[in-house]
Amino acid sequence: MPIEILMPALSPTMSEGTLARWLKKEGDEVKSGDVIAEIETDKATMEFEAVDEGRIGKILVPGGTAGVKVNQPIALLLEEGEDATALKTVAPGPKPVQPETTAAGAPPAAPAAAKSVHVEPAKGDRVFASPLARRIAGDAGLDLKAVKGTGPHGRIVKADVEAALKGGAPKAAAAPAAAPKAAPQVSGFEPAYEELPNSSMRKVIARRLTEAKQTVPHFYLTIDCDIDALLKLRAEANARSDSYKLSVNDFVIKAVSIALRKVPAANASWTDEFIKRYTEVDVSVAVATPNGLITPIVKGADKKTLSQISNEMKALAAKAKDGKLMPEEYQGGGFTISNLGMFGIREFAAIINPP
């Protein structure tokens, strides 16, 4: 029976993503570790590696599809000895969410119920398992949340499912029927507009910053700084070499990193149990991209020279705008700088992005 390739969770906050493009086509041989697709997460575009070996039998979700839920089947992999006739034994998975276009006042059609051969974990309680383990569990009606994984990072593998079936693990409960969507409220006096689909990144930004404004106490302090000496030093430093070009922002990053080393209490974040006081000075810097704002990190900024900070920041900003940042390059950071001075903005009130 073919193996389902599932939409992966490539970041901690990812619940759905965009299948940007396939790097393999139907009929191509696949080995474990091969990069088979590019997935746009809520932060960046990342490569998706195959876990199992076989041949791409059928692509269920075409490239460029948005709103693909984590753990939704996106392709079928034929194992050794299987041919295209084996694809008929697999029930079709749920279709990805597509933007709705409805006439004013007309409710969208309710989606038809779809069957799936794997057990879908509850949102917020994600279960990591190999496609083969999911298929066996789905056929047996086994609740994967009751199975302890022995694979890498606690992943559930075939042997775990077989052991659980022998031990009489609880069966999965039937999924409740999806409620029909309510018709959108459309005003008869609304001006003409065009719809611009939200990227995965913008959806997460909107959710997280709304959460921050509601739950995090914000307070703002303002001073004026005379930076004539800094601007003179910048001009002299840039005249010495062509290997770097220092910006005012580079000096701000360096100044912040020195201040955080001198005042460790500021290099911290809050949790209900304890305060996290970071031992390293990792400074996040807000970078605007076509899909939204992201904050790559200059790690160990207090130990780096201005030229190192400048060159590293330029490289991180370029990767951010191309959607090529790796998770370790934007996750973490004890302090964030958001600078709009280059646009002539004298003062603004940023929203805290929860760590």
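Student: Is Lys25 buried or exposed?
Tutor: This is a predicted model: local features need pLDDT of at least 70, side-chain atom pairs count only at pLDDT 80 or more, and totals for chains, interfaces and linings use all residues. Residues are numbered from 1 along each chain as its sequence is written, and side-chain values use heavy atoms, with hydrogens and water left out. Buried means under 20% relative accessible area, exposed means over 50%, and partly exposed is in between (1.4 Å probe, protein chains only). Lys25 has a relative accessible area of 55%, so this residue is exposed.

Student: Which residue forms a salt bridge with Lys25?
Tutor: Side chains of opposite charge can pair when their charged atoms come close. A salt bridge needs a side-chain nitrogen of Lys or Arg within 4 Å of a carboxyl oxygen of Asp or Glu. Here the closest N and O atoms are 3.5 Å apart, and the partner of Lys25 is Asp28.

Student: How many helices and strands does the protein chain have?
Tutor: Both are DSSP runs, numbered from the N terminus: helices are H or I with at least four residues, strands are E with at least two. On that basis, the chain comes to six helices and 15 strands.

Student: In what order do the four strands of the open sheet stand?
Tutor: Two strands pair if DSSP finds at least two bridges between them. The pairing in this sheet is antiparallel, and the order is β5-β4-β2-β7.

Student: Which are the edge strands of that sheet?
Tutor: Look for strands that pair on one side only. They are β5 (45-49) and β7 (65-69).

Student: Which residue of β7 stands opposite Leu19?
Tutor: Strand β2 covers residues 16-22 and runs antiparallel to β7, with three bridges joining them. Opposite Leu19 in β7 stands Thr65.

Student: And which residue of β4 stands opposite Trp22?
Tutor: Four bridges pair β2 with β4 (residues 35-40), again in the antiparallel sense. Trp22 faces Ala37.

Student: How many of the seven residues of β2 are buried?
Tutor: Strand β2 is mostly covered. The count of buried residues is five.

Student: Which residue meets Arg21 in a salt bridge?
Tutor: The N to O distance is 3.1 Å, and the side chain that meets Arg21 is that of Glu38. The pair links distant parts of the chain, 17 residues apart: Arg21 in strand β2 and, in strand β4, Glu38.

Student: Is Glu38 buried or exposed?
Tutor: Its partner Arg21 counts as partly exposed because its relative accessibility is 43%. Glu38 has a relative accessible area of 13%, so Glu38 is buried.

Student: Which strands make up the three-stranded open sheet, and in what order?
Tutor: This sheet has mixed pairing, and its order is β14-β11-β15. The edge strands, each pairing on one side only, are β14 (297-298) and β15 (335-337). Between the edges in the order β14-β11-β15 stands β11.

Student: What is the bridge partner of Val283 in β14?
Tutor: Strand β11 (residues 283-285) pairs with β14 over two bridges, in the antiparallel sense. The partner of Val283 is Val298.

Student: How many residues apart in sequence are the parts tied together by Glu280 and Lys303?
Tutor: The two side chains meet in a salt bridge, 3.2 Å from N to O. Glu280 lies in the loop between β10 (275-277) and β11, and Lys303 in the loop between β14 and α6 (306-321), so the parts tied together are apart in sequence by 23 residues.

Student: Is Lys303 buried or exposed?
Tutor: Glu280 has 37% relative accessibility, so Glu280 counts as partly exposed. For Lys303 the value is 58%, so Lys303 counts as exposed.

Student: Which residues do salt bridges with shared partners join into one network?
Tutor: The members are Glu16, Lys69 and Lys203.
The search of the whole structure finds 13 salt bridges, and the network joins Glu16, Lys69 and Lys203.

Student: What percentage of the residues in the protein chain is buried?
Tutor: The chain has 355 residues. The buried part is 35%.
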